[in-house]
Amino acid sequence: MAVKIDKKIKGYSVLTPEDKAREAAQAVTAASVSRATVEAELPQDNIIQMHERIERPEVLIGSTYKIKSPLVEHAMYVTINDIVLNAGTEHELRRPFEIFVNSKSMEHFQWIVALTRIMSAVFRKGGDVTFLVDEMKAVFDPRGGYFKAGGVYMPSLVAELGAIVEEHMKSIGLIHDPQMSDHQRAILSEKRKQYEDRAKKNSDVSAAPAAAPAAPAQGAAEDIAVTGDGASFPPTATLCHKCNTKALVIMDGCATCLNCGYSKCG
């Protein structure tokens, strides 16, 4: 069969049987690739879908804590329920699973329900949930905070809720408190004894009858009184910025905390 060439020939090549076989193989391969295979090879977003693997058991162990804040009229009761992992083995662990807050006061109902639902969802996702404590304790009320029993300063109601969660996590072993060394405990005990002895001496001097007016004793007479649940600090003690407790007193011309041992003089 003759073929008429209308254009100028710039080059040519001979088509061999091997070239024909190669073209046929490529056509078969392209036709056999499915759409699903092509879509699977396309680049995709690096998204990890979280899911809850552990279903809620019928019975959970929990603890209830009471919050009595001057910011609300009625007390608030915080219930934290834990799930027991690897029960009956040497690797048994308790982890928070859900949290509820109940109160007669309906003033903060909406945000409390929202907060507890979000916290419960975070608990159920697992992983390191201790970050909630730092985030909640860093919330400050623009109207000002308050002192709870024991002289501990709370910057907001949310911060006290965070302190409750922290206390619970410590009780189940999720958070470990840095322990004081024996040397630090001995120094703190000695400072507390020195301050109590000095306060007692000043009190005796001011109460003793004297014929002539006695020279004023150094430092005002002050009783060591219980300022909270199990805490015995002077009523005039100021707030320690390290432990947020009203236990900072002046000893030997230096501000010293009778609760955590902090000293402004080092």
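A nonpolar core, as the term is used on this tour, is a set of buried Ala, Val, Leu, Ile, Met, Phe, Trp, Tyr and Cys residues joined through side-chain atoms within 4.5 Å. The model on your screen is a predicted one, and the stops below move from the whole chain to its cores, then to a cavity, and then to three single residues.

**The whole chain**

Begin with a cartoon view, in which the protein shows 6 helices and 8 strands. Followed from the N terminus on, these elements run α-α-β-β-β-α-α-β-β-α-α-β-β-β. If you colour by accessibility, 28% of the 266 residues count as buried. Among the contacts with a separation of 6 or more, 44% are accounted for by residues 24 or more positions apart.

**The cores**

Next, select Ile67, Met76, Val78, Ile99, Phe123, Val165 and Met169, the residues with the most contacts inside the largest nonpolar core, which has 27 residues. The strands β1 (61–67), β2 (76–85) and β3 (93–103) each supply at least two residues of this core, as do the helices α3, α4 and α5. Its largest share, 7 residues, comes from α5. Another core, of 12 residues, lies apart from it, and includes Cys240, Leu248, Ala255 and Cys257. In soluble globular proteins, nonpolar side chains tend to be buried together.

Staying with the larger core, centre the view on valine 78 and display its surroundings. Not counting residues up to four places away in sequence, valine 78 touches Ser63, Thr64, Tyr65 and Ile67, then Ile99, Phe100 and Val101, and finally Leu161 and Ile164.

**The cavity**

Which residues line the largest cavity? Select Ile67, Met76, Trp111, Ile112, Leu157 and Leu161 to see them. A search of the whole structure finds 1 cavity of 30 Å³ or more, and the volume of the largest cavity is about 40 Å³. Its lining has 6 nonpolar residues, with no polar and no charged ones, and α3 and α5 (157–171) each supply at least two of the lining residues. Ile67 and Met76, selected here for the lining, were also among the residues with the most contacts inside the largest nonpolar core.

**Threonine 116**

Move along helix α3 (residues 109–125) to threonine 116. Is this residue buried or exposed? Threonine 116 is buried, because its relative accessible area is 8%, and the limit for buried is under 20%. A polar atom of its side chain lies 3.0 Å from the backbone oxygen of valine 113, a distance worth displaying as a dashed line. Leaving aside neighbours within four places in sequence, threonine 116 is in contact with Ile99 and Val101; both of these residues also touch valine 78.

**Asparagine 86**

Now select asparagine 86, in the loop between β2 and β3. Most residues other than glycine have a negative phi. Here, however, phi of asparagine 86 is near 55°, a positive value in a residue other than glycine. Asparagine 86 counts as partly exposed, at 45% relative accessibility.

**Phenylalanine 140**

For the last stop, go to the loop between α4 (131–137) and β4 (146–147), where phenylalanine 140 lies. With a relative accessibility of 60%, phenylalanine 140 counts as exposed, since the limit for that class is over 50%. Leaving aside neighbours within four places in sequence, its contacts are with Pro155 and Ser156. Add methionine 154 to the selection: it is 14 residues apart from phenylalanine 140 along the chain, and the two C-alpha atoms are separated by 8.6 Å.

How values were computed: Residues numbered from 1 in each chain as written. Predicted model: local features only at pLDDT ≥ 70, side-chain atom pairs only at ≥ 80, totals over all residues. Heavy atoms only, no water. Helix = DSSP H or I, 4+ residues; strand = E, 2+ residues; numbered from the N terminus. Buried < 20%, exposed > 50% of the residue type's maximum accessible area, 1.4 Å probe, protein only. Polar contact = N/O pair within 3.5 Å; in protein donor to acceptor, adjacent residues only side chain to side chain. Contact = heavy atoms within 4.5 Å. 1 Å grid on protein atoms, 1.4 Å probe; cavity = no way out; pocket = protein on both sides within 12 Å on 5 of 7 lines; lining within 4 Å. Points joined across faces, edges and corners; volume = space filled by probe spheres on them. Nonpolar A, V, L, I, M, F, W, Y, C, P; charged D, E, K, R; others polar.
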